[in-house]
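Work through the following exercises with the sequence and the coordinates side by side, and try each task before reading its solution.

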Amino acid sequence: MNNIPVVIVPVLNQYEKADRLFKSLDFEIQKFLIIDNGNNPNWHPVVDCAKETYVYKIPNNLGVAGSWNFGIKATAKFYGWMILNDDIYFRPGALKDFFSQAAPDNIVECGGFHAFWLGCEVVKKIGIFHEGFHPAYYEDTDYTMRARYARINILQSNARVIHEHSSTVKSSENYRLKNQHITWQHNKTLYAQRAINPEKIALEWDLQKRLELGWD
């Protein structure tokens, strides 16, 4: 695999950090999808190592799970997706190291879902992310639970990735208070409910059916 098929990066308000991430990328990417949930008309990102870059200006915040799902659905025919937070960046050579473990049937994490690879066979087996977790937190915990129950191979990468934890929440007092008083508890409760019977969690979007039924 000489290049990464798809990279998906949601952005809400940390445009300078997203630009820093883009500058740190040093391995070829086929399609680069930027989900601009802040709908910033003055931001024009540049990704030098991508063959094709798509910037989607979203009127209202899709949230983490919604953004990830949007990117997956928009590139359904590829064999996997690398999904990155906007508050990370790679040391030289780290992106290639990270991608070296990627396969259609596995998940690769760099210490968590702030940077991860998701193979297409995984999505065919357990589906996409549950958008009831909104706008952030527990969508990754829920997916990991489902993947482990389905015995998906989850690998840990030692690639040199720098991550500023919870930087979006820290960037806004409004986000912090909303998360503290509403979001976190709601998503925690939803996860607890879903974790009771993981075998009964139905596919929320069927990749195989989409490929069979599509007009493209």
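**Exercise 1. Cysteines**

Determine how many disulfides the structure holds, and account for the state of C110 and C120.

*Solution.* The model is a predicted one, and the count of disulfides in it is zero. To see why, begin with C110: the closest cysteine sulfur to its own belongs to C49 and is 16 Å away, which is too far for a bond, given that a disulfide requires two cysteine sulfur atoms within 2.5 Å. Next take C120, which is likewise in no disulfide, since the nearest cysteine sulfur, that of C110, lies at 20 Å. Finally, consider accessibility, for which the cut-off for a buried residue is under 20% relative accessible area. C110, at 7%, is therefore buried, and C120, with 8% relative accessibility, is also counted as buried.

**Exercise 2. Two helices**

Describe how helix α5 and helix α7 are arranged relative to each other, and identify the residues that make their contact.

*Solution.* First locate the two elements: α5 covers residues 139-149, and α7 covers residues 173-195. Their axes come within 10 Å and cross at roughly 10°. Because angles under 35 degrees count as roughly parallel, α5 is roughly parallel to α7. On the α5 side the contact is made by T141, D142, M145 and R146, while α7 contributes Y191, R194 and A195. Sorted by class, this contact comprises three nonpolar residues, one polar residue and three charged residues.

**Exercise 3. Two arginines**

For R194 and R146, decide whether each is buried or exposed, and trace the polar contact or short polar distance of each side chain.

*Solution.* Start with R194, which is found in helix α7 and, at 12% relative accessibility, counts as buried. Its side chain is joined to that of D142 by a polar contact of 2.7 Å. When neighbours within four places in sequence are set aside, R194 is in contact with H130, F133, D142, M145, R146, I201 and E204. As a check on a residue that is not among these partners, the C-alpha atom of D48, 146 residues from R194 along the chain, is separated from that of R194 by 41 Å.

Turn then to R146, a residue of helix α5, which is buried with a relative accessible area of 5%. A polar atom of the R146 side chain lies 2.7 Å from the backbone oxygen of I128. With neighbours within four places again left aside, the contacts of R146 are I126, G127, I128, F129, H130, R194 and I201.

Conventions:
Residues are numbered from 1 along each chain as its sequence is written. This is a predicted model: local features need pLDDT of at least 70, side-chain atom pairs count only at pLDDT 80 or more; totals for chains, interfaces and linings use all residues. Side-chain values use heavy atoms; hydrogens and water are left out. Axes are lines fitted to C-alpha atoms, for helices over the stretch in contact, and angles run from 0 to 180 degrees between N-to-C directions. Helices (H or I, at least four residues) and strands (E, at least two) are DSSP runs, numbered from the N terminus. Angles under 35 degrees count as roughly parallel, over 145 as roughly antiparallel, 65 to 115 as roughly perpendicular and the rest as oblique. Contact means heavy atoms within 4.5 Å. Ala, Val, Leu, Ile, Met, Phe, Trp, Tyr, Cys and Pro count as nonpolar, Asp, Glu, Lys and Arg as charged, and the others, Gly among them, as polar. Buried means under 20% relative accessible area, exposed over 50%, partly exposed in between (1.4 Å probe, protein chains only). A polar contact is a pair of N or O atoms within 3.5 Å; within protein, one must be able to donate a hydrogen and the other to accept it, and residues adjacent in sequence count only if both atoms are side-chain atoms.
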